[in-house]
Amino acid sequence: MTALRELAEASRELGALHGRRQKIERIAALLRACSDAEAATVARWMTGEPAQARLGVGPAQVHTACTTQPASSPRLTVDDVAAWFQEIGAIKGGGSKAARADRLARLFAAATEQEQQFLAHLLLGELRQGALLGLVIEAIASAFVLPLGSIQRAHMLTGEVGEVAAVARTQGRAGVDALELRLFHPVQPMLAQPAEDLGAAIATLGEPLLEYKLDGARVQVHKQETEVRVFSRQGNEVTEAVPDIVEPVRRLPVSDLVLDGEALAFGDDGTPRPFQTSMRRFGRRSDDAALRAQLPLQSFYFDCLRLNGETLIDADTLSRQAALRDVVPASLRMPSLRTTSASEAKAFLEQALAAGHEGLMAKAPQAPYAAGGRGSHWLKIKQVQTLDLVVLAAEWGSGRRQGWLSNLHLGARSNGGFVMLGKTFKGLTHQLLTWQTEQLLAREIARDGIIVQVRPELVVEIAFNELQRSRQYPAGLALRFARVRRYRDDKPAAEADDIETVSALFARQVAYRDVLSDHR
DNA sequence: GTCCCTAATGGGC
DNA sequence: GTCAGACTCATTCGG
DNA sequence: CCGAATGAGTCTGACGCCCATTAGGGAC
């Protein structure tokens, strides 16, 4: 039986340790020391995931729970806490909020102060120990003296660290190597890195496979005979809500299939709906026939991970592409092109953008499917726009941003004043953080919690991908994926971009995709 | 009990 | 999702 | 030939936008 105290201590030590190697060994020691039954739980928690499903307990409840009087001596075990989590997660319906708060308070009352801290961080997904999934995988290999490749492969195929840790511990190499891709258990989707631009992507990859990049939701679809299930990027099953994704795959004449693709809604004119509109369908739990008729989802598959009993994860991009072409008709496939010609590639990108899509993906032709990895084998090319906006306020940072004014409130000029369009904390170096903290404090006019209001004088160039409709912001518009490019010390606030400019940009976006008609 | 509004939570990008 | 920083590992450079 | 510098690859943790769901609370 592993004491919760040991995990809490380990987590705290991990935060203090420098160096990957050391952290891996610390986690490995934990995995070696725990019981067979606990290995899965310990491994999962160390990755920062408290449970398979969420518990219905967020920051607000955790903070109140933290105010309960801690126990003076440790007595909780890992199994105890796992049981509490399970119980709390299962509470539903009327009075459930109070019931969850009550159970949570009782759990926290049984924990020492240090254990409370650990539980709180675990529940909030903020372990801040400088070690998550990547190191846990290595720790499993190290703890049970197994080849790292075996563990990585097992995790890739099953997507479940807990299970891999448990099998590694109890069955060793033979058990781990026997783990296979299983139908109706989602594989970790392969991820992509941003590329500078199309030219850079081609230079990196040689003769890449180019594909449209559509702004929808990632889907992984599993089929066995007539049964079809759909999984989201995080591996959540969403089958119920999306019969329009299920049906076309059900009709494919193959017994056994796993596809990777993107799903989104299109307007009557054939242009893609904005992401936020597609999410009205994809974001829901159950099917709504009326909404489905109004916003049917179309899916476009770009990869095939398993076909008729054969797992294709290790096959190269082009072989998987060939398998995909064999079984999926063009109407369900992501438009793609393989070319060495820079001008053809450019034309393909422009074609994608003109159709209202996000951009292109460029894929290394010979790479295997690196599940869960964000290697350089897949690159994404997206459009970037910029605006010169004014800093209206800033928020004190937390964690590694402590002591810096970090998150900026951004506004455009409007009628002699400013309207806020969003916030960002991205793109800032330590040097810039230091500089902006100083500059902003010198312009402080008021404080409200962690927010410092400043005189609207500093102009900052903001890069972003898209403007979207907003209910939250006064202009009715917000920036998507805003990040700082640089401060414009050459520009006074009076020369920052105004809301008319922003609206015009939005109008140009809408010329491709008519948002106005489908917005309530 | 029903209707409407709000805050918290989870999840997509 | 985007980004900077920290760390690792392998390769290249300079004396 | 060896240690230092450099670069590529990974991982982590700062937090952004939106949407749907769920439960609570007040008015009636």
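User: Is R485 buried, partly exposed or exposed, and what is its relative accessible area?

Analyst: The model is a predicted one. In it, R485 is partly exposed, because its relative accessible area is 47% and the exposed class begins only over 50%.

User: Which residue forms a salt bridge with R485, and how far apart are the closest N and O atoms?

Analyst: Side chains of opposite charge can pair when their charged atoms come close. Here the partner of R485 is E461, and the closest N and O atoms are 3.9 Å apart. The cut-off for a salt bridge is 4 Å, so this pair falls within it. The two residues belong to distant parts of the chain: E461 is in strand β16 (residues 459-464) and R485 in strand β19, 24 residues apart. E461 counts as buried, at 10% relative accessibility, whereas R485 is partly exposed.

User: Which residues are linked with E461 and R485 in a network of salt bridges?

Analyst: The network links D388, E461, R485, R486, R488, D490 and K491. One of its pairs is D388 with R488, where the closest N and O atoms lie 3.3 Å from each other. D388 is in strand β11 (residues 385-396) and R488 is in the loop between β19 (483-487) and α18 (499-512), so this salt bridge ties together parts that are 100 residues apart in sequence.

User: Are D388 and R488 buried or exposed?

Analyst: D388 is buried, with a relative accessibility of 8%. R488 is buried as well, at 14%. Both values are under 20%, which is why the two residues fall in that class.

User: How does the salt bridge of E457 compare, and how accessible are its residues?

Analyst: E457 meets R455 in a salt bridge with an N to O distance of 2.8 Å. E457 is partly exposed, with a relative accessible area of 33%, and R455 is also partly exposed, at 35%.

User: How many salt bridges does the rule count in total?

Analyst: The count comes to 39 salt bridges.

User: Turning to the domains, what are the bounds of each one in chain A?

Analyst: The domain assignment gives domain 1 as 4-178, domain 2 as 193-382 and domain 3 as 385-512. Taken over C-alpha atoms, the centres of domain 2 and domain 3 are separated by 34 Å. Their contact takes 8 residues from domain 2 and 7 residues from domain 3.

User: What area is buried between domain 2 and domain 3, and what share do carbon and sulfur atoms give?

Analyst: The size of an interface is often given as the accessible area lost when the parts come together. For domain 2 and domain 3 this buried area is about 580 Å², and carbon and sulfur atoms give 38% of it.

User: How many salt bridges and how many residue pairs in polar contact are found across this interface?

Analyst: The rule finds 1 salt bridge across the interface of domain 2 and domain 3. It also finds 2 residue pairs in polar contact there. On the side of domain 2 that touches domain 3, α13 (275-282) and α16 (342-354) each supply at least two residues. By class, that side has 3 nonpolar, 3 polar and 2 charged residues.

User: What is the N to O distance in the salt bridge of R480 and D215?

Analyst: The side chains of R480 and D215 meet with an N to O distance of 2.3 Å.

User: Next, backbone angles. Which residues have a positive phi although they are not glycines?

Analyst: Among them are R128 and N415. R128 has a positive phi of about 50 degrees, and N415 likewise has a positive phi of about 50 degrees. R128 is in the loop between α7 (113-124) and α8 (133-143), and N415 is in the loop between β12 (405-414) and β13 (417-424). R128 is exposed, with a relative accessible area of 52%. N415 is exposed too, at 81%.

User: Is Q129 buried or exposed, and which residues does it touch?

Analyst: Q129, in the loop between α7 and α8, is buried, with a relative accessible area of 1%. Leaving aside residues up to four places away in sequence, Q129 touches S11, L14, G15, K23 and M46. With S11, the side chain of Q129 makes a polar contact of 2.8 Å.

Key
Residues are numbered from 1 along each chain as its sequence is written. Chains are lettered from A and ligands numbered from 1 in the order in which they are written. This is a predicted model: local features need pLDDT of at least 70, side-chain atom pairs count only at pLDDT 80 or more; totals for chains, interfaces and linings use all residues. Side-chain values use heavy atoms; hydrogens and water are left out. Helices (H or I, at least four residues) and strands (E, at least two) are DSSP runs, numbered from the N terminus. Buried means under 20% relative accessible area, exposed over 50%, partly exposed in between (1.4 Å probe, protein chains only). Domain bounds come from an automatic or database domain assignment. Contact means heavy atoms within 4.5 Å. Buried area is the accessible area (1.4 Å probe) that two parts lose on being put together, summed over both. A polar contact is a pair of N or O atoms within 3.5 Å; within protein, one must be able to donate a hydrogen and the other to accept it, and residues adjacent in sequence count only if both atoms are side-chain atoms. Ala, Val, Leu, Ile, Met, Phe, Trp, Tyr, Cys and Pro count as nonpolar, Asp, Glu, Lys and Arg as charged, and the others, Gly among them, as polar.
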